[in-house]
Amino acid sequence: MYGAIIGDIVGSRFEFDRGGKKKDFRLFTKYNHFTDDTVMTVAVADALLYSGKDADIETIKKNVINSMVHWAKKYPNAGYGGRFYQWLFHTKERKPYGSFGNGSAMRVSAVGWLYDSLERTSEVARATAEVTHNHPEGVKGATCTAEVIFLARTGLDKENIREYVEEHYDYDINTTVDQLRTKHEHIESCQDSMPKERVSFFEGDSYEDVIRNAVSLGGDTDTLAAIAGAMAEAYYGISVELVAQSADYIPADLQKVINRLYGLNEETESPYEDNIYIKQAIDEIYKEYNIDTLDLLLKVILKRIEDQGTAPTPMVNVNNVQIDVSNLKLGESITMDQDLRLKVDTMKDGDGKLWIPLFTDEEEIYKGETTNIIFETSIDFLIGSAFSDPEVEGLVINPFGQSFAMPKNLIKIILDNIDHSSPTNGNE
């Protein structure tokens with residue numbers, strides 16, 4: 001995935017023929033930056049990592065849509081194309097719109113790394129394209145790119161990869177970078193871009209040489225270098241120096257997803273990272289409350305339980321034993337005195353009824369005012385506690401923000417699908 005992202009960053013300052021169509025240039029300067037290519041590459045990777053290798057195609061598509069919208073809202077000015085921008089920010093029902101733009105290929109690189117067979121790689125690549133780029137050329141661009149990455153990273157040499165592309169796709173790759181450079185125009189279609197990226201890859205002799213080839217073509221240089229670079233990484237690898245140089249251009253939240261793809265999770269990573277999908281599901285309910293959006297929320301919560309997801313939870317010191325929590329950080333444990341008793345805090349609604357809160361992350365819990373002890377608690381335990389306490393009406397998610405109340409009849413649906421009968425608190 002670094003292959004695509006570094007290509008995007010390097011190519012960003014040369015778009016619209018600002019580089020003179022040369023191969024001799026500095027890779028990183030103060031004028032380089034990440035673009036929508038990086039944001040959407042991370043978005044697709046994030047969705048696939050969350051979905052898991054064996055997810056069905058419809059689940060993958062839903063997660064890809066939610067993830068792309070989520071990351072676009074965090075980086076709304078990254079340079080999205082006009083129709084895609086409308087799809088992200090101004091449409092209620094996000095349906096594919098027949099695009100054959102090269103965006104389907106520029107965001108697909110994670111697919112080439114995550115799956116164990118060429119068939120599954122192709123199937124998932126198609127799914128990531130079809131949520132927007134469901135034109136046959138848009139789908140071809142994504143599947144061909146992912147397949148080349150898979151073939152390269154599993155050891156196939158360039159000659160055999162070229163033969164595979166020629167056999168399965170009708171792209172004209174029997175030309176040279178020099179020839180393409182004289183006639184290349186700024187056209188952002190898969191039909192125009194795919195041959196150029198593949199020629200850049202096949203003619204290059206290293207990762208760096210491949211992205212220099214792509215940038216030297218001019219036009220849509222960030223995307224050309226992103227796609228060519230994604231394939232080149234799988235074949236050549238990337239030097240530690242290039243990865244280190246790119247770090248200054250990649251925001252921390254995007255870097256976390258990249259680290260997850262490469263198996264580089266940091267111990268300091270928030271244990272509540274994937275609770276974002278609960279918030280996204282509630283966002284869909286706020287747009288339109290129906291059986292589908294409710295079903296999505298219940299499935300997302302069940303998935304977080306299956307993944308042993310946790311949430312920051314206010315706890316009450318039942319018998320008022322004196323404890324010093326002044327230096328206690330969120331999620332940290334404390335050594336409990338034998339007389340100390342804690343229980344999950346409850347909240348009252350306008351009618352005086354009790355609810356147990358489920359905060360998805362630190363930001364949500366601190367939207368309100370609470371001086372209670374905060375523990376990292378399993379979502380499983382919170383749901384079980386809300387259901388089993390006769391004085392409690394149910395559970396309310398993020399009560400200080402965009403909230404959603406789950407009475408016991410909804411909680412029962414989740415509990416009926418959990419493969420055990422007695423939820424326990426991992427902090428006990």
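This report describes a predicted model of a protein chain, moving from its overall make-up to its cores, its sheet and three buried residues in loops.

**Overall make-up**

The protein chain contains 20 helices and seven strands, and buried residues account for 56% of its 428 residues. Of the contacts between residues at least 6 apart in sequence, 73% join residues that are at least 24 apart. The surface that the chain exposes comes to about 19500 Å², and carbon and sulfur atoms supply 47% of that area.

**Nonpolar cores**

In soluble globular proteins, nonpolar side chains tend to be buried together. In this model the largest nonpolar core has 92 residues, and the residues with the most contacts inside it are Met-40, Leu-48 and Tyr-80. Apart from this core lies another one of 36 residues, which includes Leu-294, Ala-311, Ile-356 and Leu-415. When neighbours within four places in sequence are left aside, Met-40 is in contact with Met-68, Ala-72, Tyr-80, Phe-84, Met-106 and Arg-107.

**The open sheet**

Strands of a sheet pair through backbone hydrogen bonds, either parallel or antiparallel. Here four strands form an open sheet in the order E3-E4-E6-E7, with mixed pairing. Its edge strands are E3 (347–348) and E7, each of which pairs on one side only. E3 and strand E4 (residues 354–358) run antiparallel and are joined by two bridges, and Lys-348 has Leu-354 in E4 as its bridge partner. Helix H19 (residues 379–388) lies across E4 and E6, and it runs at about 170 degrees to E4.

**Three buried residues in loops**

Asn-398 is found in the loop between strand E6 (392–397) and strand E7 (404–407). Its relative accessibility is 2%, and therefore Asn-398 counts as buried. Beyond its neighbours within four places in sequence, Asn-398 is in contact with Lys-279, Leu-358, Phe-359, Thr-360, Glu-364 and Ser-403.

Tyr-169 has its place in the loop between helix H9 (158–168) and helix H10 (177–183), and Tyr-169 counts as buried because its relative accessibility is 10%. Tyr-169 and Cys-144 are 25 residues apart in sequence, while their C-alpha atoms are 7.7 Å apart in space. With neighbours within four places in sequence left aside, the residues in contact with Tyr-169 are Lys-140, Thr-143, Cys-144, Glu-147 and Tyr-164.

Thr-35 is placed in the loop between helix H1 (2–11) and helix H2 (36–51), and Thr-35 is buried, with a relative accessible area of 4%. Not counting residues up to four places away in sequence, Thr-35 touches Asp-8, Ser-12, Ala-78 and Asp-222.

The side chains of these three residues also take part in the polar pairs set out below, some with a backbone nitrogen and others with another side chain.

| Side chain | Partner | Distance |
|---|---|---|
| Asn-398 | backbone nitrogen of Thr-360 | 3.0 Å |
| Tyr-169 | backbone nitrogen of Cys-144 | 3.4 Å |
| Tyr-169 | side chain of Glu-147 | 2.7 Å |
| Thr-35 | side chain of Asp-8 | 2.6 Å |
| Thr-35 | side chain of Asp-36 | 3.3 Å |

Read with the contact lists, the table shows that Thr-360 is a residue in contact with Asn-398 and that its backbone nitrogen lies 3.0 Å from a polar atom of the Asn-398 side chain. In a like way, Glu-147 is among the residues in contact with Tyr-169, and a polar contact of 2.7 Å joins the two side chains.

Definitions and conventions
Residues numbered from 1 in each chain as written. Predicted model: local features only at pLDDT ≥ 70, side-chain atom pairs only at ≥ 80, totals over all residues. Heavy atoms only, no water. Buried < 20%, exposed > 50% of the residue type's maximum accessible area, 1.4 Å probe, protein only. Polar contact = N/O pair within 3.5 Å; in protein donor to acceptor, adjacent residues only side chain to side chain. Contact = heavy atoms within 4.5 Å. Areas by Shrake-Rupley, 256 points an atom, 1.4 Å probe, with all protein chains shown as cover. Core = buried A, V, L, I, M, F, W, Y, C linked by side-chain atoms within 4.5 Å. Pairing = 2+ DSSP bridges. Axes fitted to C-alpha atoms, helices over the stretch in contact; angles between N-to-C directions.
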